[in-house]
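Here is a short tour of how some helices fit together in this protein. Have the sequence and the model open beside you as you read.

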Amino acid sequence: MARRLLGSTGLAAVLALASGCSLIASITLSSDWVSGSSTSIAGSSEGLSRSSFGSDAGAAVAYLADVRVLAEDAAAGGRTGGELSRELTRVAARHGIADWESEPDTLRAVGEGLRRAGVARDDLPAWGEGLGIADAEAARARLLEGWETAGL
């Protein structure tokens, strides 16, 4: 009877609570939040993981996190786009990426890092030019996309 009224998840929670385990509800709520966050992270690194990391999405997430921190530190430290470009080359190589310029998610992550450092939207074109990307218009668009995403 209880199973029909509660369903298997509800019954498991009731049994866990009855046995003195009060964490199950908290874990369920936390896992829902983490699940939503991981969907967002997976979506942002999906293209990158397919092109550079095969099926290793965790490696793609780690790379993008390093790029965000690098861009934030570069902007906060007063470095130029050219200096950031050289540092991106080193970070990408550490992650097994030979051509970070061709990875759209790299520039999105740079834009997020720049936003976190307090770089104004009007200053993004200068950063894009400083990075020396051949397709400057596409680079600015990706930087802006990341910058806007970081403000959410």
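## Helix packing around a nonpolar core

Helix α6 passes helix α7 in a right-handed crossing. Please keep in mind that this is a predicted model. On the α6 side, the contact is made by L124, P125, W127, G128, E129 and L131, and on the α7 side by R140, L143, L144 and W147. Sorted by class, the contact of α6 with α7 holds 7 nonpolar, 1 polar and 2 charged residues.

Helix α7 also packs against α5, and that crossing is right-handed too. From α5, the residues in this contact are P104, L107, R108, V110, G111, E112, L114 and R115. They meet A139, R142, L143, E145, G146, W147, E148, T149 and A150 of α7. Here the classes come to 8 nonpolar, 3 polar and 6 charged residues.

The two pairs can be set out together:

| Helix pair | Angle between axes | Distance between axes | Handedness of crossing |
|---|---|---|---|
| α6 (residues 124-131) and α7 (residues 136-150) | about 130° | 9 Å | right-handed |
| α5 and α7 | about 50° | 6 Å | right-handed |

How is α6 set against α7 at an angle of about 130°? Because angles from 115 to 145 degrees fall outside the perpendicular and antiparallel ranges, α6 counts as oblique to α7. With α5 and α7 packed at an angle of about 50°, α5 is likewise oblique to α7.

Now to the interior. The largest nonpolar core has 25 residues, and those touching the most other members are Y63, L84, L88, W100, V110, L114 and L131. Which elements give two or more residues to this core? They are α3 (57-76), α4 (81-94), α5, α6 and α7. The most comes from α3, with 7 residues. As a general point, nonpolar side chains in soluble globular proteins tend to be buried together.

Two residues of α5 are worth a visit. V110, one of the α5 residues in the contact with α7, touches V67, A71, L84, L88, L131 and L143, leaving aside neighbours within four places in sequence.

The other is T106, placed in helix α5 (residues 104-116). Is T106 buried or exposed? T106 counts as buried because its relative accessibility is 0%, and the cut-off for buried is under 20%. Not counting residues up to four places away in sequence, T106 touches Y63, L64, V67, L88 and W100. Among these, Y63, L88 and W100 are also listed with the core residues that touch the most other members.

Definitions and conventions
Residues are numbered from 1 along each chain as its sequence is written. This is a predicted model: local features need pLDDT of at least 70, side-chain atom pairs count only at pLDDT 80 or more; totals for chains, interfaces and linings use all residues. Side-chain values use heavy atoms; hydrogens and water are left out. Helices (H or I, at least four residues) and strands (E, at least two) are DSSP runs, numbered from the N terminus. Buried means under 20% relative accessible area, exposed over 50%, partly exposed in between (1.4 Å probe, protein chains only). Contact means heavy atoms within 4.5 Å. Axes are lines fitted to C-alpha atoms, for helices over the stretch in contact, and angles run from 0 to 180 degrees between N-to-C directions. Angles under 35 degrees count as roughly parallel, over 145 as roughly antiparallel, 65 to 115 as roughly perpendicular and the rest as oblique. A crossing is left-handed if the near helix is turned anticlockwise from the far one by less than a right angle, and right-handed if clockwise. Ala, Val, Leu, Ile, Met, Phe, Trp, Tyr, Cys and Pro count as nonpolar, Asp, Glu, Lys and Arg as charged, and the others, Gly among them, as polar. A nonpolar core is a set of buried Ala, Val, Leu, Ile, Met, Phe, Trp, Tyr and Cys residues joined through side-chain atoms within 4.5 Å.
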